[in-house]
Amino acid sequence: MLPSKVVHCKAVRTVPLLLAALIFAGCTGQAPQTPTANVQGAANGTSDYYLQQMQQSADDNKVDWQLLAIRALLNEGKIPQANDQLTQLPQDLNATRLQELLLLQAQMSVAQQNLPDAAAKLKQIDTSALSPEQQVRYFQLQIATSQGRPSLDVLRAYIAQQALLTNPADKQKNIDATWQTLAQMTPEQMNNITINADENVLQGWIDLLGVYHANVSDPDMLKAGISDWQTRYPNNPAAKMLPTALTQVQNFQPASTGKIALLLPLSGQAQVFANAIQKGFNDAKNGVLAQGSTPAPAEAAPVQAPEAVPAAPDAVVSTSAAPTDTTAAQPAEVQPQSVPANSVETAAPSSSTQVQVYDSSTQPVDQLLAQAKNDGATLVVGPLLKNHVEQLANSQTPLNVLALNEPENIQNRPNLCYFALSPEDEARDAAHHMWDQGKRTPLMLVPRSSLGDRVNKAFAAEWQKLGGGTVLQQQFGSKTELRQGINSGGGIRLTGTPVNVQPAAATGVTIGGLTIPAPITDPQVSTSNGSVDSVYIVATQDELALIKPMIAMRVSSRDNVGLYASSRSNQAGAGPDYRLEMDGLQYSDIPLLSGANPALMQQAVKTFNNDYSLVRLYAMGIDAWTLANHFSEMRSLPGFQIKGDTGNLSATQDCVINRKLVWSQYRQGQVVPAA
């Protein structure tokens, strides 16, 4: 046995060693671990972080960090840096990394607007080899290559993506986008959809759209239809989380129209316009619009002959020159358009609704709104003049307001809608009509004035929204200049300069960690060597009588150039010689002046001394009554339509009322519906 002193000394020497070992072990456990890179997972870090990890990695992990860095760079919009890193990747990638590379290359092509290349890259991907996070990105890239054009493939991509999303906000974005895509599909697309036996979710979405279209004109029926649909498709994602647009339906409350305040300029140079609108509004309220009925006498001051009335400088209405013939021309009969299944017609007359008229020429708009509220009004129709509508921006009124004009900058307010008869509105409708007829290289032929500039920009902006390229413009001067062109035999060449359209700011979309930048339009400028296939002409009847023959001097009928005109050229007094001269030309106008209600048209034309511009304002008053009675539907129900006398009416997200006009065509001296 060892002496006790020896044992004690050994124990003393052992304690420091044990402490050192424990301390060393503790330090080893707290040492920073090298993070791992997972190319199949989320990339929530910044590009700087991933690049730093890549530089510090000397092993096989370096390529994974590089792939994550490229994804972060693309999401941050750093396209050149991402492209540099893509070119530095090694060639011998394993299967997992190769799938991620194809995803990144497709995302790069989308960012560079090379959509065909993006689609080609996506076709090379084996979706079964992707992680759920990668599949979300894959479907988002598929959607991005569609450029916002609805299709069955896009619908299927949204449906497949929905099942993979976990974030509620991403789920709602996906559902809203699915509904928007479905709602934008054309009737032809819907009729040609083939649904596979296992596509119950897709079938549910299509049935939901059918329920919406069948009941959109009746909010109560629509609520019941949606509830029944949720019962029939309990497992559909939209049954658990309705599209935002349909959530608004569930909360729908009709606007009160117990007392309406009508704000119009009852004095000054715009009085004649206000009188026509007020008469239409009153006639609709009093129920004198039936077929064959005679409008009641105007309650406002008598309308004077249009020649004596100067145009209001800030009134935005589709005006035409005073008729050259004081004899009312009998308009050629045009077949009325069919009524959309999801539309309502003119609101029923009312003996209970009170209407009080306020002269907007006498007081500021905010004071009139306050007075109307104190007088018990629940809804306001007006004001009419553009500068008065601009004043609504500073108003804090709680009343619902249907403004009868559009400001330069639209404000999206839940109690505000805009309804205008503007040349810009007609130009946008013309863009859709010409696009639907297959035209792709249009020329604008407009007056050398601010009117021409406004029409050019409105048409070109809408054309590019439809997917078209740059629009050409050519401006003309006075009738004297036009006559000189005819006398010289020069005619009008179909050439022009590009319309400069400043695109609206757009933002990208981020779902499931993948950011898709907003599309950047890079339109191709149409050449002036005879490639123009259509001309939109904004001219009076007298001007058009000179312009069309001048076009014929330089363009052969074999060139198949379509000629289209605004309602500015449609005036009373167009005799058979004029109609023969205009053969083949199409023009737009409101339904009331296109044969939808011949008896009412004849009476209105007689009442307003053959001035079609005042007849259009009369029709505007009729439609203002209907819009006022369906204010909440227009504000809250996407797709809600009204078959009005100024056009088939629908509303944008900002509640700007769009008008789909009637298009007619001159053919062998007659006026017939445009093909």
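## Strands side by side

Two strands count as paired if DSSP finds at least two bridges between them. With that in mind, take a look at strand E12, residues 534–537, in this predicted model. Strand E7, which covers residues 442–447, runs parallel to E12, and four bridges join the two. If you want a spot to start from, find leucine 445: its bridge partner in E12 is isoleucine 537.

E12 also pairs with strand E13, residues 562–565. Here too the sense is parallel, with four bridges. Try serine 534 this time, whose bridge partner in E13 is glycine 562.

## Both faces of E12

So much for the neighbours; what about the faces of E12? Both are covered. Ser534 and Tyr536 sit on one side, Val535 and Ile537 sit on the other, and all of these residues are buried. Ile537, then, is buried as well as being the bridge partner of leucine 445.

## A pair of helices

Now hop over to helix H5 (residues 95–111) and helix H6 (residues 115–123). Their axes are 8 Å apart, and the helices pack at an angle of about 165°. Angles over 145 degrees count as roughly antiparallel, so that's how H5 and H6 lie relative to each other. Their crossing is left-handed.

Who makes the contact? On the H5 side you'll find Leu102, Gln105, Ala106, Ser109 and Val110, and on the H6 side Leu115, Asp117, Ala118, Lys121 and Leu122. It's a mixed bunch: six nonpolar residues, two polar and two charged.

Notes: Residues numbered from 1 in each chain as written. Predicted model: local features only at pLDDT ≥ 70, side-chain atom pairs only at ≥ 80, totals over all residues. Heavy atoms only, no water. Axes fitted to C-alpha atoms, helices over the stretch in contact; angles between N-to-C directions. Parallel < 35°, antiparallel > 145°, perpendicular 65-115°, else oblique. Left-handed = near helix turned anticlockwise from the far one by under 90°. Contact = heavy atoms within 4.5 Å. Nonpolar A, V, L, I, M, F, W, Y, C, P; charged D, E, K, R; others polar. Buried < 20%, exposed > 50% of the residue type's maximum accessible area, 1.4 Å probe, protein only.
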